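User: Please take a close look at the aromatic rings in this model. Then work outward from there and tell me what surrounds them.

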Amino acid sequence: MPSPKGVDSFSRQELLLPFLSLFTSGGTLICCALPALFVTMGAGAALAGLTSSFPALIWLSQYKAWVFAGAALLLVIAGYWQWKARLLPCPADPAQAKACMRLRRISWAIYGISVCIFLVGAFFAFLAPWLLT
């Protein structure tokens, strides 16, 4: 039996923003934490090979402030929607209510992972160079 229109559209929206924030937070790791990890491990040649294979990494590093600003904006929007949705009612049907609560837990987990990834990337992009000089 199809779910009511409001529940289905809310479920998609509830997962869309955390996935977008996860995607942009992953970009912060790729731009800043991955090169720092390679250099720390003494794999500078691997980093050079990686940047020649994927030249977009250089673009991400050049515009890291914009990458982080976009990721932070999406994290704030996703966090706002998560907070707003935390008290919305779930369907009365027990199976759908259980799925609704499971979806909320998954959504919060994705959001938490996104924030952690963002913080690791921000550390390597902005704090680590300052602390190590």
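Analyst: F68, F118 and F126 are linked by ring pairs into a cluster. Rings of Phe, Tyr and Trp (for Trp, its six-membered ring) pair if their centres lie within 6.5 Å, and planes under 30 degrees apart count as stacked, over 60 as edge-to-face and the rest as tilted. Before going on: this is a predicted model, so local features need pLDDT of at least 70 and side-chain atom pairs count only at pLDDT 80 or more, while totals for chains, interfaces and linings use all residues. Numbering starts from 1 along each chain as its sequence is written, and side-chain values use heavy atoms, with hydrogens and water left out.

The structure holds 5 aromatic pairs in total. One of them joins F123 and F124, and it is edge-to-face because the planes sit at 75°, with the ring centres 5.3 Å apart. F123 comes out partly exposed because its relative accessibility is 36%, and F124 gets the label too, at 30%. (Buried means under 20% relative accessible area, exposed over 50%, and partly exposed in between, using a 1.4 Å probe and protein chains only.)

F124 also takes us to the largest pocket, where it is among the residues that lie nearest the centre, along with C32, P35, A36 and P129. A pocket here is an open set of points on a 1 Å grid over the protein atoms alone, where a 1.4 Å probe fits and protein lies on both sides within 12 Å along at least five of seven lines; lining residues have an atom within 4 Å of a point. The lining runs to 13 residues, and the elements giving two or more of them are helix 1 (5-40) and helix 5 (94-131). Helix 1 gives the most, with 6 residues. The volume is about 210 Å³, taken as the space filled by probe spheres set on the grid points. By residue type, the lining splits into 10 nonpolar, 2 polar and 1 charged. (Nonpolar covers Ala, Val, Leu, Ile, Met, Phe, Trp, Tyr, Cys and Pro, charged covers Asp, Glu, Lys and Arg, and the others, Gly among them, are polar.)

Stepping back, the protein has 5 helices and 0 strands, so the order from the N terminus is simply α-α-α-α-α, with helices being DSSP runs of H or I of at least four residues and strands being E runs of at least two. For the sequence-distant meetings, S114 in helix 5 is a handy spot to look at. S114 counts as buried because its relative accessibility is 0%. Beyond its neighbours within four places in sequence, S114 is in contact with P18, S21, L22, S25 and L75, contact meaning heavy atoms within 4.5 Å.

Now look back from L22, which lies in helix 1. L22 touches I110, I113, S114 and I117, again leaving out neighbours within four places. With a relative accessible area of 26%, L22 is partly exposed. Its C-alpha is 9.1 Å from that of G112, although the two are 90 residues apart in sequence. I106, another residue of helix 5, has its C-alpha 9.6 Å from that of P18, across 88 residues of sequence. I106 counts as partly exposed, at 32%.

Helix 4 (residues 64-85) brings in V76 and W81, and L17 turns up for both. The C-alpha atoms of W81 and L17 are separated by 8.0 Å, with their positions 64 residues apart along the chain. For V76 and L17, the C-alpha distance is 9.9 Å at 59 residues apart. W81 is partly exposed, at 31%, whereas V76 is exposed, at 58%.

The whole-protein totals go with that picture. Of contacts between residues at least 6 apart in sequence, 79% join residues at least 24 apart. Of the 133 residues, 32% count as buried. The accessible surface is about 8600 Å², with 76% of it belonging to carbon and sulfur atoms; areas come from the Shrake-Rupley method with a 1.4 Å probe, and for residues only the protein chains shown count as cover.
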